[in-house]
Amino acid sequence: MSKKKIALLGATGSIGKSTIEVVKKHYDKFEIALATAHKNHKILFEYAEKLNIPYLAITNEKLKSKINTNKKIYFGEDKLLELLNNLNYDILLNAVVGSAGLRYTVAGLRSKHNIALANKESLVMAGDIIIKMAKKNECRLIPIDSEHSAIMQCLLGNSLSSQIRKIILTASGGPFNNWKLEDFDKIKLKDTLKHPTWKMGKKITIDSATMANKGLEVIEAHHLFGLKYEQIEVVIHPQSIIHSMVEFIDGSILSQMSYPDMKIPIQFALSYPERIPASAQFTDITSLPDLTFHKVDYDKFPILKIAYQVGKAGGIMPTIFNASNEAAVSLFLREKIKFNDIYKIIEKSLNKSNIANPDLETILSIDKKVKKEILATANLRELTRI
Ligand code: NAD
Ligand code: MG
């Protein structure tokens, strides 16, 4: 395998950090051609020194006048989009959080690059456009989300969609899996940030607690694997060892399992179609807890139900769902609203008429508009900051 050049977007986040560890372990196979941060230039510079990264970008343009360095830094979203067009790299790893990631996925595909996609929001908002563009430009779109990586791995050599009965996305159930519904109005931010099995960025940690994350993943799976929503089932599996399953028409179920460690799906996405030695700890199956599975309680997690509805409706609805969730989560993170308000805000935002086949500009402008409306109601001037 020749050394693969990675454009790593969102290098300073949780997925970014795990990616850096994979690259360090396999420095003979991977190199980082470009790394980006939104705010945290110190960590970015540290990675740049350690891994000899030639191109650096900071997407928050306001920091241009505040960062004192003799390094060449590209500031702002537009400069980064330009770089993604002109730079020499083999794969774009998009680990930006939220709707901000969409334009980068599109830029990578437009310039005919393979994509390792952690930013599930890209597919939720513009799945039809992205899948079409990837096919047209012959780009690989490899999911980093552990569930989708698991499904992709189960489908290697079995990819005929007519042979798939359904896929089963596993969900940990998050920190409130064992809480009673009547206690949900007592939920505090600090309870929500304690994920039982995964260590992740704040936004996805909140999404896991509401199960909005699983909702985004259902829509992501629909686009990635071309399946009907009726063929996508969610099952609670609190131990997070089985990362998802595929049931075939003959009754066989294949699954992929390991300790929960994002380095495994990240490395798979980077080394695909090859497999290379692990960067993560091997799973000792004799020491695992009992593996259990149970149905989702939709009264406790109504946002997941809404996700199926907006996914089936298609058009602009998944964008509104995603934008209202991002805005509500940012308010919750600043303790401006309660946990149960996240659902209420999403439900209220969806009370709009649909737009069929929206283009990219429409998707981006509706995303902004929905967030602005929600934050205006909350008397906050700034746009979502996650
Ligand atoms: P994080 O908050 O830890 O990191 C986010 C990264 O995005 C940071 O590098 C930040 O600088 C950058 N960023 C933030 N706002 C930005 C903006 N407006 N423009 C450009 N860059 C911006 O998030 P994370 O947990 O690493 O998640 C990243 C993505 O991966 C999300 O879409 C998430 O759903 C997905 N994902 C994460 C995990 C996980 O284990 N963390 C698992 C599956 C999928
Ligand atoms: Mg996931």
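Are Asp145 and Glu147 buried or exposed? Keep that in mind as we walk through this predicted model, beginning with its metal site.

The magnesium ion, ligand 2, takes its donors from three side chains: Asp145 through OD, and Glu147 and Glu217 through OE, at 2.1 to 2.2 Å. Along the sequence, these donor residues follow the spacing D-x1-E-x69-E. As for the opening question, Asp145 is buried, and Glu147 is buried too. If you plan to look at the coordination, bear in mind that water is not among the atoms, so the site may look incomplete.

Now let's turn to ligand 1. Its surroundings consist of 22 residues, and the closest are Thr12, Ser14, Ile15, Glu121 and Gly201. Sorted by class, this shell holds 11 nonpolar, 8 polar and 3 charged residues.

Which atoms sit at short range from the oxygen atoms of ligand 1? In the side chain of Thr12, an N or O atom is 2.8 Å from an oxygen atom of the ligand. The backbone contributes as well: Ile15 places a backbone N or O atom 2.9 Å from a ligand 1 oxygen, and His38 has a backbone N or O atom at 2.9 Å from an oxygen of ligand 1. On its own, ligand 1 has 830 Å² of accessible area, and the protein covers 88% of it. Two elements, α1 (14-25) and α5 (120-136), each give two or more residues to the shell.

Finally, step back to the domains. Ligand 1 lies between domain 1 (4-143) and domain 2 (149-260 + 297-384), because both of them give residues to its shell.

Methods
Residues are numbered from 1 along each chain as its sequence is written. Chains are lettered from A and ligands numbered from 1 in the order in which they are written. This is a predicted model: local features need pLDDT of at least 70, side-chain atom pairs count only at pLDDT 80 or more; totals for chains, interfaces and linings use all residues. Side-chain values use heavy atoms; hydrogens and water are left out. A residue is near a molecule or strand if one of its heavy atoms lies within 4 Å of it. A polar contact is a pair of N or O atoms within 3.5 Å; within protein, one must be able to donate a hydrogen and the other to accept it, and residues adjacent in sequence count only if both atoms are side-chain atoms. Accessible areas come from the Shrake-Rupley method with a 1.4 Å probe; for residues, only the protein chains shown count as cover. Helices (H or I, at least four residues) and strands (E, at least two) are DSSP runs, numbered from the N terminus. Ala, Val, Leu, Ile, Met, Phe, Trp, Tyr, Cys and Pro count as nonpolar, Asp, Glu, Lys and Arg as charged, and the others, Gly among them, as polar. Domain bounds come from an automatic or database domain assignment. Donors are N, O and S atoms within 2.8 Å of the metal (3.2 Å for Na, K and Ca); water is not among the atoms, so sites may look incomplete. Buried means under 20% relative accessible area, exposed over 50%, partly exposed in between (1.4 Å probe, protein chains only).
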